[in-house]
Amino acid sequence: MAHAALLLLLSCTLAYQASTLMAVSSLDSTSEALTSYIPSNSKSSTTKKTMNTIDSCWRRMSNWASNRRALANCAVGFGQAAMGGKYGAMYVVTSPSDDPVNPKPGTLRYGVIQTKPLWIVFAKNMVIKLKNELIMNSFKTVDGRGVKVEIAYGPCITIQGVSHVIIHGISIHDCKPGKSGLVRSTPTHVGHRLGSDGDAISIFTSSHVWIDHCFLGSCSDGLIDVIHASTAITISNNYFSHHDKVMLFGHNDQFTADKAMRVTVAFNHFGTGLVQRMPRIRFGYAHLANNMYDEWDMYAIGGSANPTVFSEGNYFFAPKNGDAKQVTKREVKSGWKNWKWRSSKDKFVNGAYFVQSGWGSCAPLYSRSQAFSVADGSMAPALTSDAGPLSCYAGKAC
């Protein structure tokens with residue numbers, strides 16, 4: 001009986017284990033300011049550094065530039081099966097210009113709206129100022145490796161009603177609300193949009209999405225929203241900074257379809273200037289693993305509507321404010337003590353603490369292909385040290 005009770009007690013607190021063209025216009029001065037809050041990843045050696053399981057899958061390959069699609073084999077967690085344009089042709093973005101209604105070949109919008117799978121790359125550094133929200137189609141990879149690509153100073157990315165999207169290695173910042181008007185979503189369909197909110201990436205009624213090694217910051221609304229029953233999402237290796245409401249998972253407290261939501265948040269660096277929602281969850285399930293939290297002004301992990309949260313192997317460095325040391329915040333006055341919010345192997349620094357609740361198992365129940373080992377929270381600074389876009393050069397390990 002004692003052994004059985006001990007196993008029950010530890011069932012959830014034990015970790016679930018498994019073996020830019022540079023801007024040449026008035027954007028110049030604004031783009032230069034971006035370097036003050038995008039981390040530098042120009043490390044000279046990848047052979048001796050500690051890499052997380054995603055990075056170790058591909059970054060040591062010197063032929064990454066001629067074998068880009070191998071990246072699609074490296075996701076873990078709930079978004080592991082996201083294929084993007086793995087089985088499609090290569091499409092090269094040659095121009096940062098944009099036309100929301102009649103996009104021209106060679107522009108980013110022309111590529112992402114196509115119905116066939118495409119692996120989208122960039123011919124040179126560029127800053128893309130979109131004229132309205134960029135509506136992505138299914139089976140697309142946006143791959144910024146080898147160049148510096150920014151989507152900024154206008155509306156940004158909408159992933160709505162589609163599946164199998166990978167966004168890797170770009171900076172998305174200073175996003176503005178979109179305008180009401182016509183926007184093309186496929187080669188044969190132009191629809192009237194009411195205007196986007198100013199999110200960096202909005203994932204709406206979509207599945208099998210992987211956001212990896214991006215920088216996101218300083219937008220009008222959120223940085224990443226996962227809403228309206230979107231699921232099978234992995235958000236990994238990203239660097240977030242200078243923003244209030246970072247990530248929202250779940251539409252509102254009445255939208256019960258979000259119970260189907262499954263999101264993995266792993267190996268991300270939540271940097272300076274962040275306030276709250278890292279993430280904020282409604283309904284659904286979120287596995288937060290080996291993330292680095294530098295600071296928060298209000299809280300790091302919040303929620304309402306009885307979501308399940310498994311915080312595993314994260315590093316939480318609390319702010320100086322003595323009233324903001326708590327990692328967690330339930331956006332309700334009562335009734336939360338049965339919610340499954342658990343912490344395992346987390347590292348708490350400077351007085352940070354996590355208020356747990358609920359009972360029973362909260363393991364993510366990954367499939368064999370989704371599962372990955374989660375290190376102790378003390379390792380999170382090393383595992384997230386290259387979060388954000390990488391400096392990659394053809395013929396060399398990235």
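# A walk through the strands, pockets and loops

In strand 11, His189 is the residue that bridges to Thr186. That's a handy place to start looking around this predicted model. The two strands involved are strand 10, residues 181-186, and strand 11, residues 189-193. They run antiparallel to each other and pair over five bridges. To get from strand 10 to strand 11, the chain makes a hairpin, and two residues do the joining. Strand 10 is also well tucked away: five of its six residues are buried, so the rest of the structure largely encloses it.

Now zoom out to the sheets. One of them is an open sheet of 10 strands, paired in parallel, and if you walk across it you meet the strands in the order 1-2-5-8-13-16-20-24-27-30. At its edges you'll find strand 1 (89-93) and strand 30 (341-344); each has a single partner strand, so one side of each has no neighbour in the sheet. On average, neighbouring strands here are turned by 10 degrees against each other, if you ignore direction. For a look at one pairing inside this sheet, try strand 5 (residues 140-143) and strand 8 (residues 163-168), which are parallel and share four bridges. Lys140 has its bridge partner, Val165, in strand 8. While you're looking at strands, here's a useful habit: in a regular strand, side chains alternate between the two faces of the sheet.

There's another open sheet to trace, this one with nine strands in the order 3-6-9-14-17-21-25-28-31, again with parallel pairing. Its edges are strand 3 (126-128) and strand 31 (347-349), and since each of these has a single partner strand, one side of each is left without a neighbour in the sheet. Strand 25 (residues 292-293) pairs with strand 28 (residues 315-317) in the parallel sense, over two bridges. Look for Met292 and you'll see Tyr315 of strand 28 standing opposite.

Next come the empty spaces. Rolling a probe the size of a water molecule over the atoms shows where such space is left. The second largest pocket holds about 450 Å³ of space. Its lining is made by 25 residues, and those nearest the centre are Asp197, Asp199, Ser202, Phe204 and Ile227. Strand 7 (157-160), strand 12 (201-204), strand 15 (224-227) and strand 19 (247-249) are the elements that each give two or more residues to this lining. Strand 7 has the largest share, with three residues. The mix of residue types around this pocket is eight nonpolar, nine polar and eight charged.

The largest cavity has a volume of about 40 Å³. Which residues line the largest cavity? They are Lys49, Thr50, Met51, Asn52, Asp55, Arg59, Ala382, Leu383, Ser385 and Asp386. By class, that lining has three nonpolar, three polar and four charged residues.

Finally, follow the chain past strand 31 to the loop that runs to helix 5 (380-383), where you'll spot Gln370. Is Gln370 buried or exposed? Its relative accessible area is 18%, and buried means under 20%, so Gln370 counts as buried. The side chain of Gln370 has a polar atom 3.0 Å from the backbone nitrogen of Ser367.

Methods: Residues are numbered from 1 along each chain as its sequence is written. This is a predicted model: local features need pLDDT of at least 70, side-chain atom pairs count only at pLDDT 80 or more; totals for chains, interfaces and linings use all residues. Side-chain values use heavy atoms; hydrogens and water are left out. On a 1 Å grid over the protein atoms alone, a cavity is a set of points where a 1.4 Å probe fits but cannot get out, and a pocket is an open set with protein on both sides within 12 Å along at least five of seven lines; lining residues have an atom within 4 Å of a point. Grid points are joined across faces, edges and corners, and a volume is the space filled by probe spheres set on the points. Ala, Val, Leu, Ile, Met, Phe, Trp, Tyr, Cys and Pro count as nonpolar, Asp, Glu, Lys and Arg as charged, and the others, Gly among them, as polar. Two strands pair if DSSP finds at least two bridges between them. Axes are lines fitted to C-alpha atoms, for helices over the stretch in contact, and angles run from 0 to 180 degrees between N-to-C directions. Buried means under 20% relative accessible area, exposed over 50%, partly exposed in between (1.4 Å probe, protein chains only). A polar contact is a pair of N or O atoms within 3.5 Å; within protein, one must be able to donate a hydrogen and the other to accept it, and residues adjacent in sequence count only if both atoms are side-chain atoms.
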